[in-house]
Amino acid sequence: MLASCRSLALRFSTQYPMAQANKLLDQILRGGADANVPFSGMVQLLKRLGFRERIKGSHHIFYRDGVAEILNLQPHSGKCKPYQVKQVRNVIINYCLAGEADA
């Protein structure tokens, strides 16, 4: 399932250039550098995948119809926390959401 998700193209808004978007998705799916994922890139990725965001303090809470998990992210020095990147990766893989960023 990971290979099929990885093979799907990912498109971001102009706020996050295409080359960086593909690199970020690949970085998240590979799981090699979870501590180096930029928070702003993760937010754009989740929005592009159809998640809605609400903010309460420093907590950015993402939810989406059809996805049972609620993602609660907090920035740490401009980066995502590694365990939160793992949670996002698991949701992308389990629901095969990577291709939906094209829509």
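Contact here means that heavy atoms lie within 4.5 Å. The structure is a predicted model. This briefing covers its largest nonpolar core, which has 24 residues, and then the residues Leu46, Phe62 and Gln84.

**The nonpolar core**
- Met42, Leu46, Phe51 and Ile92 are the residues with the most contacts inside the largest core.
- At least two residues of this core come from each of α2 (18–30), α3 (39–48), β3 (71–73) and α4 (82–95).
- Beyond its neighbours within four places in sequence, Leu46 is in contact with Phe51, Phe62, Leu71, Leu73 and Val88.

**Phe62**
- Phe62 belongs to strand β2, which covers residues 59–63.
- Its relative accessible area is 0%, so Phe62 is buried.
- When residues up to four places away in sequence are left out, Phe62 touches Val43, Leu46, Phe51, Arg52, Glu53, Ile70, Leu71 and Leu73.
- One of these partners, Leu73, is eleven residues from Phe62 in sequence, and the two C-alpha atoms are 8.0 Å apart in space.

**Gln84**
- Gln84 sits in helix α4.
- Gln84 has a relative accessible area of 1% and is therefore buried, as the cut-off for buried is under 20%.
- The side chain of Gln84 makes a polar contact with the side chain of Tyr83, at 3.2 Å.
- Not counting residues up to four places away in sequence, Gln84 touches Asn72, Leu73 and Gln74.

**A shared partner**
- Leu73 is among the residues touched by Gln84, among those touched by Phe62, and among the contacts of Leu46.

How values were computed:
Residues numbered from 1 in each chain as written. Predicted model: local features only at pLDDT ≥ 70, side-chain atom pairs only at ≥ 80, totals over all residues. Heavy atoms only, no water. Core = buried A, V, L, I, M, F, W, Y, C linked by side-chain atoms within 4.5 Å. Buried < 20%, exposed > 50% of the residue type's maximum accessible area, 1.4 Å probe, protein only. Helix = DSSP H or I, 4+ residues; strand = E, 2+ residues; numbered from the N terminus. Polar contact = N/O pair within 3.5 Å; in protein donor to acceptor, adjacent residues only side chain to side chain.
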